Amino acid sequence: MQDNRVLSGMRPTGRLHLGHYHGVLKNWLDLQNEYDSYFFVADWHAFTTHYSDKIDLETNVMEMVVDWLAAGINPNTSTIFVQSKVPEHAELHLLLSMSTPLSWLERVPSYKDQQLKLKTKDLGTYGFLGYPLLQSADILMYKAGLVPVGEDQVAHVELTREVARRFNYLYGREAGFEEKAEAAITKMGKKQAKSYRSLRKAYQETGDTEALVKAQALLKQQQNITLGDRERLSGYIEGVGRIILP
């Protein structure tokens, strides 16, 4: 997870208005100067409730981005993109849907709340039920440490944590994990390896969360280990398997 990275998006279901500016864009203007900011047009999210509506999505997407730029979002300091242009969003969403229990999605508060508010729409679809899972894929893809959301979507962020834990538990296990982790430590160099072992011991024996943070930061700095080794060592700190989705 990148603590200094923020991810936020808007659904292109119509023209922006002052509510969007005061509720979202003003916050983005501040965030882009302080964080590694990723702002995206959530066009796939728009289909979760507007799949049968006759909206000019292509025009809405273009006008939304123009409005962002006019409001002061700077493409030189922020990453701006359209969700559907990055197919990995859909791919990760599909993979997460294979292992996420149906009951987890059904208990998300916004699922029933939105059905009551949008009675004129047929929301008895997987797209609507799985909307929070698509949001989880968005967050996990970019390892965003900061995700500004409305109060009604806080539960979606909590779901993301649970989904990532389950995914790592299911797919992070591998034969010879400890041996591979120990081999990866030796690649770090004598001094760095000693620091890693010391921090791991402090976290596992006393629950020192500061040691955990320092160990994770140490791993990010390593140039001599592969991505797979980094995932193993992240999990090795916490006494679990590979951390594939941080």
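A residue counts as buried when its relative accessible area is under 20%. By that cut-off, 41% of the 246 residues in the chain of this predicted model are buried.

**View 1. The whole chain, with 13 helices and 4 strands.** The C-alpha atoms fill a box of roughly 60 × 40 × 30 Å, taken along the principal axes. The chain exposes about 13,700 Å². Carbon and sulfur atoms supply 52% of that area. Take the contacts with a separation of 6 or more: residues 24 or more positions apart account for 75% of them. The chain carries 29 positive and 30 negative charges. The mean positions of these two sets are 6 Å apart.

**View 2. An open sheet of 4 strands.** The strand order is 3-2-1-4, and the pairing is parallel. Strand 3 (78–82) and strand 4 (144–146) are the edge strands. Each of these two pairs on one side only. Neighbouring strands of the sheet are turned by 40 degrees against each other on average, direction ignored. Strands of a sheet pair through backbone hydrogen bonds.

**View 3. Strand 1 between its two partners, strand 2 and strand 4.** Strand 1 covers residues 2–10. Strand 1 pairs with strand 2 in the parallel sense over 6 bridges. On this side, Arg5 stands opposite Asp36 in strand 2. Strand 1 also pairs with strand 4, again in the parallel sense, over 2 bridges. There, Gln2 stands opposite Ala144 in strand 4.

**View 4. Helix 1 packed on the sheet.** Helix 1 spans residues 18–31. Helix 1 touches strand 1 and strand 2 (36–41). The direction of helix 1 makes about 150 degrees with that of strand 1. Is strand 2 mostly covered or mostly open? Strand 2 is mostly covered, with 5 of its 6 residues buried.

**View 5. Lys143, in the loop between helix 8 and strand 4.** Helix 8 covers residues 131–141. Most residues other than glycine have a negative phi. Lys143 is not a glycine, yet its phi is positive, at about 50 degrees. Is Lys143 buried or partly exposed? Lys143 counts as partly exposed because its relative accessibility is 32%, and that class lies between the cut-offs of 20% and 50%. Which residue, 103 residues away along the chain, has its C-alpha atom 6.7 Å from that of Lys143? That residue is Pro246.

**View 6. His156, a buried residue in helix 9.** Helix 9 runs over residues 154–171. Why does His156 count as buried? Its relative accessibility is 1%, and buried means under 20%. Leave aside residues up to four places away in sequence. His156 then touches Val108, Ser110, Tyr131, Pro132, Gln135 and Ser136. Tyr131 is 25 residues from His156 along the chain. The C-alpha atoms of His156 and Tyr131 are separated by 9.1 Å.

Note on methods. Residues numbered from 1 in each chain as written. Predicted model: local features only at pLDDT ≥ 70, side-chain atom pairs only at ≥ 80, totals over all residues. Heavy atoms only, no water. Pairing = 2+ DSSP bridges. Axes fitted to C-alpha atoms, helices over the stretch in contact; angles between N-to-C directions. Contact = heavy atoms within 4.5 Å. Buried < 20%, exposed > 50% of the residue type's maximum accessible area, 1.4 Å probe, protein only. Areas by Shrake-Rupley, 256 points an atom, 1.4 Å probe, with all protein chains shown as cover. Lys, Arg positive; Asp, Glu negative; His and termini not counted. Charge placed at Lys NZ, Arg CZ, Asp CG, Glu CD.
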